[in-house]
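Work through the exercises below with the model open beside you. Try each task before you read its solution.

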Amino acid sequence: MTDDAQHQTAPARLTLMKRTLGALGTLFERVRSDRVLVILLIAFVALQILRPASAGALFARIDQHTILTLAGLLMLTRAIDQSGFLDWLAQRLLRWFRTERRLALLMVSFAAALSTLLTNDVALFAVVPLALSLARIAPVRIERLIIFLALAVNAGSSLTPLGNPQNLFLWQHSGMGFGAYVAMMTPITVALMGLLLAVCAFAFDSRALHFQRRGPSHEVRWPLLWTALVLFVAFVALADHGLAGWACAGVTVVLLFARRSAVIGIDWLLLTIFVLMFVVLRGVAEMPEVRTLLGHVDFSGTLTAYLGGAVLSQFISNVPAAILLAEYTQNWPALAHGVAVGGFGLAVGSLANLIALRMAKSSKIWWHFHWISIPFYLVALGLGFAALKWV
């Protein structure tokens with residue numbers, strides 16, 4: 001290489017180095033400002049110091065089906081959002097439901113109904129972006145609405161085996177029929193939804209909503225929307241049959257051609273949080289001390305199985321709690337009711353909570369969530385145990 005060529009490439013290398021350092025600095029700031037991620041990283045390091053695990057063991061703790069499903073849904077919902085359709089739909093919703101209370105009750109009911117069939121996380125990926133679009137064109141109290149949407153999918157998803165992963169797991173292990181499982185969970189679902197709608201009506205007033213701006217309907221990118229919707233249906237169908245890897249790969253390839261930014265611009269830190277949650281929480285559940293402690297408790301009784309699911313979910317989330325306690329009890333009604341209630345309270349109680357709060361992109365929402373969710377959890381504890389008497 002000549003001196004002139006070397007002289008020309010030096011500024012290019014310097015520019016590349018500055019961009020790389022700038023990107024790393026931005027990533028570091030995002031990680032540092034994300035409290036959940038920081039806590040999980042500290043817990044991971046502490047767990048590795050106390051009980052070192054090999055890379056293979058760590059990888060085995062990760063629920064690959066969940067991570068791949070989450071990645072695919074992140075890409076699809078970003079593509080739908082970039083199509084402009086949600087803004088278009090939000091304008092029409094505001095014309096039909098002109099008060100904040102009516103709009104909130106509609107969104108909460110819709111999210112709960114959707115979660116009975118499409119699982120709680122899929123329901124969130126459908127309704128939270130729509131809620132964010134509503135906030136862009138009208139003075140909707142978006143943080144409060146997202147909190148209630150998170151509570152709604154936890155309540156609604158408790159009804160059917162398809163509503164959430166813990167229900168699916170318990171349904172398969174209990175040997176109950178689909179209809180029998182729905183009948184068992186109907187009283188608690190009705191009780192939780194009744195409580196939620198009452199609190200929602202109180203939390204939102206009847207003030208009129210006025211447009212802050214209007215966007216013409218021709219701004220919708222219809223080809224992108226239809227592509228994303230077709231992919232969405234195919235993705236859910238494939239993921240439901242255990243083919244999340246193929247489904248995620250197909251979505252990635254198609255969207256790289258149709259809308260590259262929908263793939264590159266997803267919330268990668270959210271995926272990292274979920275990976276760490278599986279690694280850390282399952283690591284805690286596997287500790288001999290934890291298993292020994294649980295082994296001293298008789299979970300065959302209705303009260304102990306119920307409280308075990310409801311309380312343990314607050315620390316390791318309701319899906320790992322259901323899987324862990326299923327080794328110590330076959331009291332399926334009590335355990336199912338316990339982990340259903342356990343989705344409320346602390347944000348870690350349900351992975352759906354973390355998805356909703358992360359999608360809000362607000363640091364204050366975590367505090368606001370617990371101001372509502374913890375009292376709701378305490379009341380739900382009583383409702384859940386009362387509902388068991390109807391089973």
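**Exercise 1. Locate Lys361, give its phi, and decide whether it is buried or exposed.**

Step 1. Lys361 sits in the loop between helix 19 (351-360) and helix 20. Helices here are DSSP runs of H or I with at least four residues, strands are runs of E with at least two, and both are numbered from the N terminus.

Step 2. Its phi is positive, about 55°, although Lys361 is not a glycine.

Step 3. Lys361 counts as exposed because its relative accessibility is 70%. The classes are buried under 20% relative accessible area, exposed over 50%, and partly exposed in between (1.4 Å probe, protein chains only).

This is a predicted model, in which local features need pLDDT of at least 70, side-chain atom pairs count only at pLDDT 80 or more, and totals for chains, interfaces and linings use all residues. Residues are numbered from 1 along each chain as its sequence is written, and side-chain values use heavy atoms, with hydrogens and water left out.

**Exercise 2. Do the same for Ser317: which loop holds it, what is its phi, and is it buried or exposed?**

Step 1. Look in the loop between helix 16 and helix 17.

Step 2. Ser317 is not a glycine, yet it has a positive phi of about 80°.

Step 3. Ser317 has a relative accessible area of 0%, so it is buried.

Step 4. Ser317 also appears in the lining of the largest cavity, which leads to the next task.

**Exercise 3. How many cavities of 30 Å³ or more are there, and what lines them?**

Step 1. Set the rule. On a 1 Å grid over the protein atoms alone, a cavity is a set of points where a 1.4 Å probe fits but cannot get out; a pocket is an open set with protein on both sides within 12 Å along at least five of seven lines; lining residues have an atom within 4 Å of a point. Grid points are joined across faces, edges and corners, and a volume is the space filled by probe spheres set on the points.

Step 2. The count is 2 cavities of 30 Å³ or more.

Step 3. Take the largest, with a volume of about 50 Å³. Its lining is Phe274, Met277, Phe278, Leu281, Ser317, Pro320 and Leu351. Helix 14 (residues 268-286) gives the most, with 4 residues.

Step 4. Sort that lining by class: 6 nonpolar, 1 polar and no charged residues. Ala, Val, Leu, Ile, Met, Phe, Trp, Tyr, Cys and Pro count as nonpolar, Asp, Glu, Lys and Arg as charged, and the others, Gly among them, as polar.

Step 5. Now the second largest cavity, with about 40 Å³ of space. Asn120, Asn154, Ser157, Ser158, Asn164, Gln166, Asn167, Asn318 and Ala340 line it. The classes are 1 nonpolar, 8 polar and no charged residues.

**Exercise 4. Describe the second largest pocket.**

Step 1. Its volume is about 790 Å³. Of its 35 lining residues, the closest to the centre are His65, Thr119, Asn164, Pro165 and Leu168.

Step 2. Helices that each supply at least two lining residues include helix 4 (64-82), helix 7 (120-137) and helix 11 (222-240). Helix 9 has the largest share, 5 residues.

Step 3. The lining divides into 19 nonpolar, 12 polar and 4 charged residues.

**Exercise 5. How many residues of helix 18 are buried, and which helices do they pack against?**

Step 1. In helix 18 (residues 332-342), 10 of the 11 residues are buried. Among them are Trp332, His337 and Ala340. Ala340 also lines the second largest cavity.

Step 2. The packing partners are helix 9 (165-174), helix 10 (178-203), helix 16 (302-316), helix 17 (318-325) and helix 20 (365-388).

**Exercise 6. Place Glu100 and list its contacts.**

Step 1. Glu100 belongs to helix 6 (residues 100-118).

Step 2. Glu100 counts as buried because its relative accessibility is 1%.

Step 3. Leave aside neighbours within four places in sequence. Glu100 then contacts Pro139, Val140, Arg141, Phe204, Asp205, Arg207 and Leu209. Contact means heavy atoms within 4.5 Å.

**Exercise 7. How many helices and strands does the protein have, and what percentage of its residues is buried?**

Step 1. There are 20 helices and 0 strands.

Step 2. Of the 391 residues, 48% count as buried.
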